[in-house]
Amino acid sequence: MPKFLIQTAASFRIDEIYRYTLNQWGASKAESYITDLFAAFGKIDTHEVFSRPIPAEFGVDGFFFKYEKHFVYWKYLNNGTVGIVTILHERMHQIERFKDDKNSSFQNNT
(Lines give C-alpha, C1' and ligand atoms only; values in the text may rest on other atoms or scores of the structure.)
Protein backbone atom coordinates (compact mmCIF):
# COMPACT_ATOMS: atom_id res chain seq x y z
CA MET A 1 0.00 0.00 0.00
CA PRO A 2 1.42 3.41 -0.94
CA LYS A 3 2.55 5.64 1.91
CA PHE A 4 1.69 9.30 1.99
CA LEU A 5 0.90 11.82 4.67
CA ILE A 6 -1.78 14.48 4.28
CA GLN A 7 -0.46 17.61 5.92
CA THR A 8 -2.63 20.20 7.66
CA ALA A 9 -3.18 22.64 4.78
CA ALA A 10 -3.91 19.79 2.37
CA SER A 11 -6.45 18.30 4.77
CA PHE A 12 -8.24 21.64 4.92
CA ARG A 13 -8.23 21.91 1.12
CA ILE A 14 -9.57 18.36 0.71
CA ASP A 15 -12.47 19.24 3.01
CA GLU A 16 -13.16 22.38 0.94
CA ILE A 17 -13.08 20.39 -2.31
CA TYR A 18 -15.45 17.77 -0.90
CA ARG A 19 -17.95 20.35 0.39
CA TYR A 20 -17.90 22.35 -2.85
CA THR A 21 -18.33 19.25 -5.01
CA LEU A 22 -21.09 17.94 -2.73
CA ASN A 23 -22.99 21.24 -2.96
CA GLN A 24 -22.53 21.56 -6.73
CA TRP A 25 -22.88 17.98 -7.99
CA GLY A 26 -24.00 15.76 -5.11
CA ALA A 27 -22.62 13.08 -2.82
CA SER A 28 -21.76 10.53 -5.48
CA LYS A 29 -19.55 12.95 -7.46
CA ALA A 30 -17.94 14.32 -4.28
CA GLU A 31 -17.03 10.84 -3.02
CA SER A 32 -15.76 9.78 -6.43
CA TYR A 33 -13.61 12.90 -6.84
CA ILE A 34 -11.99 12.52 -3.42
CA THR A 35 -11.50 8.76 -3.84
CA ASP A 36 -9.80 9.30 -7.20
CA LEU A 37 -7.72 12.15 -5.76
CA PHE A 38 -6.42 9.81 -3.04
CA ALA A 39 -5.70 7.18 -5.69
CA ALA A 40 -3.57 9.79 -7.49
CA PHE A 41 -1.66 10.45 -4.24
CA GLY A 42 -0.86 6.75 -4.13
CA LYS A 43 0.66 6.93 -7.60
CA ILE A 44 3.22 9.61 -6.75
CA ASP A 45 5.87 7.27 -5.38
CA THR A 46 5.59 4.91 -8.38
CA HIS A 47 5.75 7.84 -10.83
CA GLU A 48 2.38 6.95 -12.33
CA VAL A 49 1.48 10.64 -12.13
CA PHE A 50 3.73 13.12 -13.89
CA SER A 51 5.16 15.50 -11.31
CA ARG A 52 7.28 18.57 -11.95
CA PRO A 53 9.49 20.55 -9.57
CA ILE A 54 7.76 23.48 -7.90
CA PRO A 55 8.89 26.69 -9.65
CA ALA A 56 11.70 28.62 -7.93
CA GLU A 57 9.51 31.68 -7.31
CA PHE A 58 7.53 29.63 -4.77
CA GLY A 59 10.67 29.44 -2.62
CA VAL A 60 10.44 25.78 -1.58
CA ASP A 61 11.69 22.39 -2.65
CA GLY A 62 8.96 20.02 -3.74
CA PHE A 63 6.85 18.87 -6.66
CA PHE A 64 3.39 19.27 -8.12
CA PHE A 65 1.05 17.56 -10.56
CA LYS A 66 -2.32 18.38 -12.01
CA TYR A 67 -5.35 16.32 -11.04
CA GLU A 68 -8.42 17.34 -13.04
CA LYS A 69 -9.05 20.97 -11.96
CA HIS A 70 -6.51 21.02 -9.10
CA PHE A 71 -2.77 21.25 -8.59
CA VAL A 72 -1.41 18.89 -5.94
CA TYR A 73 1.76 20.11 -4.21
CA TRP A 74 3.89 17.53 -2.45
CA LYS A 75 7.36 16.80 -1.12
CA TYR A 76 9.39 13.96 0.32
CA LEU A 77 9.45 14.15 4.11
CA ASN A 78 12.59 13.42 6.14
CA ASN A 79 11.55 9.78 6.58
CA GLY A 80 11.05 9.34 2.80
CA THR A 81 7.25 9.40 2.94
CA VAL A 82 5.40 11.52 0.39
CA GLY A 83 3.85 14.54 2.12
CA ILE A 84 0.81 16.07 0.44
CA VAL A 85 1.34 19.75 1.22
CA THR A 86 -1.63 21.49 -0.36
CA ILE A 87 -4.13 21.23 -3.20
CA LEU A 88 -5.14 24.35 -5.10
CA HIS A 89 -7.80 24.87 -7.76
CA GLU A 90 -6.45 25.89 -11.16
CA ARG A 91 -8.29 29.23 -10.94
CA MET A 92 -6.70 30.18 -7.62
CA HIS A 93 -3.73 32.52 -7.67
CA GLN A 94 -1.18 29.77 -7.11
CA ILE A 95 1.69 31.74 -5.59
CA GLU A 96 -0.46 33.70 -3.11
CA ARG A 97 -2.46 30.67 -1.93
CA PHE A 98 0.65 28.54 -1.86
CA LYS A 99 2.39 31.06 0.41
CA ASP A 100 -0.59 30.90 2.77
CA ASP A 101 -0.33 27.12 3.00
CA LYS A 102 3.45 26.66 2.86
CA ASN A 103 4.16 28.29 6.20
CA SER A 104 2.61 25.39 8.04
CA SER A 105 3.17 22.46 5.72
CA PHE A 106 6.59 22.91 4.17
CA GLN A 107 8.15 23.66 7.54
CA ASN A 108 6.86 20.37 8.99
CA ASN A 109 9.12 17.55 7.79
CA THR A 110 7.80 14.74 9.93
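This passage walks through the sheet, the helices, the nonpolar cores and the aromatic pairs of a predicted model.

A good place to start is the sheet. Five strands make up an open sheet with mixed pairing, and their order is 1-5-4-3-2. Strand 1 and strand 2 (52-53) are the edge strands, each pairing on one side only. From the strand 2 edge, strand 2 joins strand 3 in the antiparallel sense through two bridges, and Pro-53 has Phe-63 in strand 3 as its bridge partner. Strand 3 (residues 63-67) then pairs with strand 4 over five bridges, again in the antiparallel sense. Here Lys-66 is found opposite Phe-71 of strand 4. The two strands form a hairpin with two residues between them, and Glu-68 in its turn has a positive phi of about 50°.

Strand 4 continues the pattern on its other side. With strand 5 (residues 82-89) the pairing is antiparallel and runs over seven bridges; within it, Tyr-73 faces Thr-86 of strand 5. This pair of strands is also a hairpin, now with five residues between them, and Gly-80 in the turn has a positive phi of about 90°. How enclosed is strand 4 (residues 70-76) by the rest of the structure? Six of its seven residues are buried, so strand 4 is largely enclosed.

Attention can now turn to helix 1. This helix has 18 residues and spans 26 Å from its first C-alpha to its last, close to the 26 Å expected at 1.5 Å a residue. Its buried residues are Ala-9, Ala-10, Arg-13, Ile-14, Ile-17 and Thr-21. Because they cover an arc of only 135° around the axis, these residues lie on the same side of helix 1. The face turned away from that buried side carries Thr-8 and Asn-23, which are exposed. After helix 1 comes Gly-26, with a positive phi near 100°.

Helices and strands come together in the interior. In soluble globular proteins, nonpolar side chains tend to be buried together. In this model the largest nonpolar core has 17 residues, and those with the most contacts inside it are Leu-37, Phe-41, Phe-65, Val-72, Ile-84 and Ile-87. At least two residues of this core come from each of helix 1 (8-25), helix 2, strand 3, strand 4 and strand 5. Helix 2 gives the most, with five residues. Leu-37 shows how the parts meet: setting aside neighbours within four places in sequence, Leu-37 is in contact with Ile-14, Tyr-67, Val-72 and Ile-87. Apart from this core lies another, of seven residues, including Phe-58, Val-60, Phe-64 and Tyr-73.

Aromatic rings add a further layer to the picture, with a count of 10 aromatic pairs. One of them is edge-to-face: the ring centres of Phe-4 and Phe-41 are 5.5 Å apart and the planes stand at 75°, which is over the 60 degrees that this class requires. The pair links distant parts of the chain, since Phe-4 belongs to strand 1 (residues 4-6) and Phe-41 to helix 2 (residues 27-42), 37 residues apart. Are these two residues buried or partly exposed? Phe-4 has 25% relative accessibility and therefore counts as partly exposed, whereas Phe-41, at 2%, counts as buried. Ring pairs also bring in Phe-38, joining Phe-4, Phe-38 and Phe-41 into a cluster.

How values were computed: Residues are numbered from 1 along each chain as its sequence is written. This is a predicted model: local features need pLDDT of at least 70, side-chain atom pairs count only at pLDDT 80 or more; totals for chains, interfaces and linings use all residues. Side-chain values use heavy atoms; hydrogens and water are left out. Rings of Phe, Tyr and Trp (its six-membered ring) pair if their centres lie within 6.5 Å; planes under 30 degrees apart count as stacked, over 60 as edge-to-face and the rest as tilted. Helices (H or I, at least four residues) and strands (E, at least two) are DSSP runs, numbered from the N terminus. Buried means under 20% relative accessible area, exposed over 50%, partly exposed in between (1.4 Å probe, protein chains only). Two strands pair if DSSP finds at least two bridges between them. A nonpolar core is a set of buried Ala, Val, Leu, Ile, Met, Phe, Trp, Tyr and Cys residues joined through side-chain atoms within 4.5 Å. Contact means heavy atoms within 4.5 Å. The expected span of a helix is 1.5 Å times one less than its number of residues. The arc is that of the directions from the helix axis to the C-beta atoms.
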